[in-house]
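Hi,

Here is the structure I said I'd pass on. Have a look at it first, and my notes on what turned up are underneath.

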Amino acid sequence: MTIELQGIELHAHHGVLEPERREGQRFLVDLELEVEDDRATGDRIEDAVDYRDVLAVVVEIGEGQRFDLLETLATALAEALLARFPVGRARVRVRKPDVVLARPVEHAAVLVERPL
């Protein structure tokens with residue numbers, strides 16, 4: 001079974017450039033967490049991966065720490081989710097929607113996948 005959370009919005013101070021680190025910017029996080037199917041059979045939140053707890057970890061790391069690179073942020077998120085929840089795989093995409101480049105782009109993104 002796969003649990004997905006898409007478009008978790010963070011305001012954080014990641015980046016290589018000083019203005020990014022000083023002023024902060026918007027990041028969007030998309031998650032896929034692979035869990036065993038039997039976690040859903042009991043219909044009890046205590047037996048499931050609680051979205052509220054997952055969101056709290058994403059905010060704790062995404063807004064509470066600083067990273068130069070999207071790659072490092074995405075890796076830190078994936079590893080924390082694997083360490084804190086009973087999941088077999090974490091797939092994390094971090095998008096930077098307000099990226100400024102020489103040409104307009106929708107977003108810059110990094111996708112990290114980590115098995116347990």
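A quick word on terms before the fold: helices here are DSSP runs of H or I with at least four residues, strands are E runs of at least two, and both are numbered from the N terminus. Also, keep in mind that this is a predicted model.

With that, reading from the N terminus gives β-α-β-α-α-β-β, so to speak the short version of three helices and four strands. Along the principal axes, the C-alpha atoms fill a box of roughly 50 × 25 × 20 Å. The chain has 116 residues, and 41% of them count as buried. If you take the contacts between residues at least 6 apart in sequence, 58% of them join residues at least 24 apart.

On the surface side, the chain exposes about 6900 Å², with carbon and sulfur atoms supplying 49% of that. As for charge, I get 15 positive and 24 negative side chains, and the centres of the two sets lie 5 Å apart.

Now a few residues, starting with V92. This one sits in strand 3, residues 89-96. V92 counts as buried because its relative accessibility is 0%, and the cut-off for buried is under 20%. What does V92 touch, once residues up to four places away in sequence are not counted? The list is V29, D30, L31, A74, L77, A78, L81, V110, L111 and V112. V29, D30 and L31 from that list also turn up among the contacts of L5. For a sense of distance, V92 and D43 are 49 residues apart in sequence and 26 Å apart in space, C-alpha to C-alpha.

V110, one of the V92 contacts, belongs to strand 4 (residues 108-115). V110 is buried too, since its relative accessible area is 14%. Leaving aside neighbours within four places in sequence, V110 is in contact with L70, E71, A74, V92, R93 and V94. Its C-alpha is 9.0 Å from that of K96, with the two positions 14 residues apart in sequence numbering.

L5 is in strand 1 (residues 2-12) and, at a relative accessible area of 18%, is buried. Beyond the residues up to four places away, L5 touches V29, D30, L31, Y51 and V54. L5 and A78 are 73 residues apart along the chain, and their C-alpha atoms are separated by 13 Å.

I61 takes us to helix 2 (residues 51-64). Its relative accessible area is 4%, so I61 is buried. Setting aside neighbours within four places in sequence, I61 is in contact with F67, L73, A76, L77 and A80. L77 is on the V92 list as well. From I61 to R26 the C-alpha distance is 14 Å, and the sequence separation is 35 residues.

Last, the pockets. The largest one has a volume of about 160 Å³. Of the 14 residues lining this pocket, the closest to its centre are G15, D68, L69, L70 and K96. Strand 2 (25-34) and helix 3 (70-84) are the elements that give two or more residues to the lining. L70 is also in contact with V110.

Cheers

Key
Residues are numbered from 1 along each chain as its sequence is written. This is a predicted model: local features need pLDDT of at least 70, side-chain atom pairs count only at pLDDT 80 or more; totals for chains, interfaces and linings use all residues. Side-chain values use heavy atoms; hydrogens and water are left out. Buried means under 20% relative accessible area, exposed over 50%, partly exposed in between (1.4 Å probe, protein chains only). Contact means heavy atoms within 4.5 Å. Accessible areas come from the Shrake-Rupley method with a 1.4 Å probe; for residues, only the protein chains shown count as cover. Lys and Arg count as positive and Asp and Glu as negative; His and the chain ends are not counted. The place of a charge is taken as NZ of Lys, CZ of Arg, CG of Asp or CD of Glu. On a 1 Å grid over the protein atoms alone, a cavity is a set of points where a 1.4 Å probe fits but cannot get out, and a pocket is an open set with protein on both sides within 12 Å along at least five of seven lines; lining residues have an atom within 4 Å of a point. Grid points are joined across faces, edges and corners, and a volume is the space filled by probe spheres set on the points.
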